[in-house]
Amino acid sequence: MTDDTSTGSATASEDTVRDTPLAERIEAILLIIDEPIGLVALAAAVGSPVPAVRQTIETLVEDYDGRGHGPRRGFELREVGGGWRLYVRDDHDDLVAEFVGGQAPARLSQAALETLAVIAYKQPVTRSQVASIRAVNVDSVVRTLLARGLITELFADSETGAINYGTTDALLQHLGINSLDELPPISPLLDDGADGFDEGTIR
């Protein structure tokens with residue numbers, strides 16, 4: 001027997017999505033992603049054809065750059081590694097760095113410390129690789145570490161567009177060391193060195 005109530009609710013939800021302007025749906029996705037998203041994946045996420053999404057992206061780029069009807073924004077929509085993501089404009093790097101650096105210091109959570117350790121020893125490493133090693137979602141933790149200036153985006157993978165992360169000089173200062181070579185060997189900290197990171201790990 002068909003559940004008419006459930007079917008009607010699903011239909012109403014789909015209608016609501018279709019009634020929402022495409023630009024708004026795209027912006028909603030762009031605001032929550034941590035890595036550039038390709039047009040196909042973005043189109044699937046917002047439930048619209050790729051050509052329509054591509055055209056809307058172009059319109060948003062012009063709008064944010066002040067070439068539309070509004071003012072130039074403090075952020076921009078940039079294509080990196082075959083995907084799209086929102087970035088703070090280079091003009092405001094110093095402002096953002098000063099703001100982040102001026103925030104009241106707080107202790108890192110255990111999850112943040114573990115994620116930072118993986119990145120420090122495994123870099124360059126993608127968010128998904130870190131998540132695989134820790135067996136948990138690390139999106140919010142990576143955002144926290146980025147905001148603290150302890151890690152940074154090194155480069156985007158040319159094939160997947162995935163961002164590779166590494167540590168910053170700020171972390172070295174916090175640890176009181178001059179280079180990553182001074183990090184303690186990881187093998188003695190593991191139950192069995194063979195179960196640790198691969199041969200590319202810093203030792």
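**Exercise 1.** Identify the buried residues of helix α6 and the elements against which they pack.

*Solution.* Step 1: buried denotes under 20% relative accessible area, with a 1.4 Å probe and protein chains only. By this criterion, the buried residues of α6 are Ala112, Thr115, Leu116, Val118, Ile119, Ala120, Tyr121 and Lys122. Step 2: these residues pack against β3 (125-126), α7 (127-134), α8 (139-148), β4 (151-156), β5 (163-167) and α9 (169-175). Helices (H or I, at least four residues) and strands (E, at least two) are DSSP runs numbered from the N terminus.

The model is predicted: local features need pLDDT of at least 70 and side-chain atom pairs 80 or more, whereas totals for chains, interfaces and linings use all residues. Residues are numbered from 1 along each chain as its sequence is written, and side-chain values use heavy atoms, without hydrogens and water.

**Exercise 2.** Check the span of helix α6 (residues 110-122).

*Solution.* Step 1: the expected span is 1.5 Å times one less than the number of residues. Step 2: for the 13 residues of α6 this gives 18 Å. Step 3: the end C-alpha atoms lie 18 Å apart, which agrees.

**Exercise 3.** Determine where confidence is low.

*Solution.* Step 1: pLDDT is the predictor's confidence in each residue, from 0 to 100; its chain mean is 81. Step 2: among the elements, helix α1 (residues 4-19) has the lowest mean, 49, and helix α4 (residues 50-64) the highest, 96. Step 3: pLDDT stays under 50 over residues 5-13, with 1 contact (heavy atoms within 4.5 Å) beyond four places in sequence. Over residues 189-203 pLDDT also stays under 50, with 16 such contacts. Step 4: where pLDDT is low, the predicted coordinates should not be read in detail.

Methods. Buried means under 20% relative accessible area, exposed over 50%, partly exposed in between (1.4 Å probe, protein chains only).
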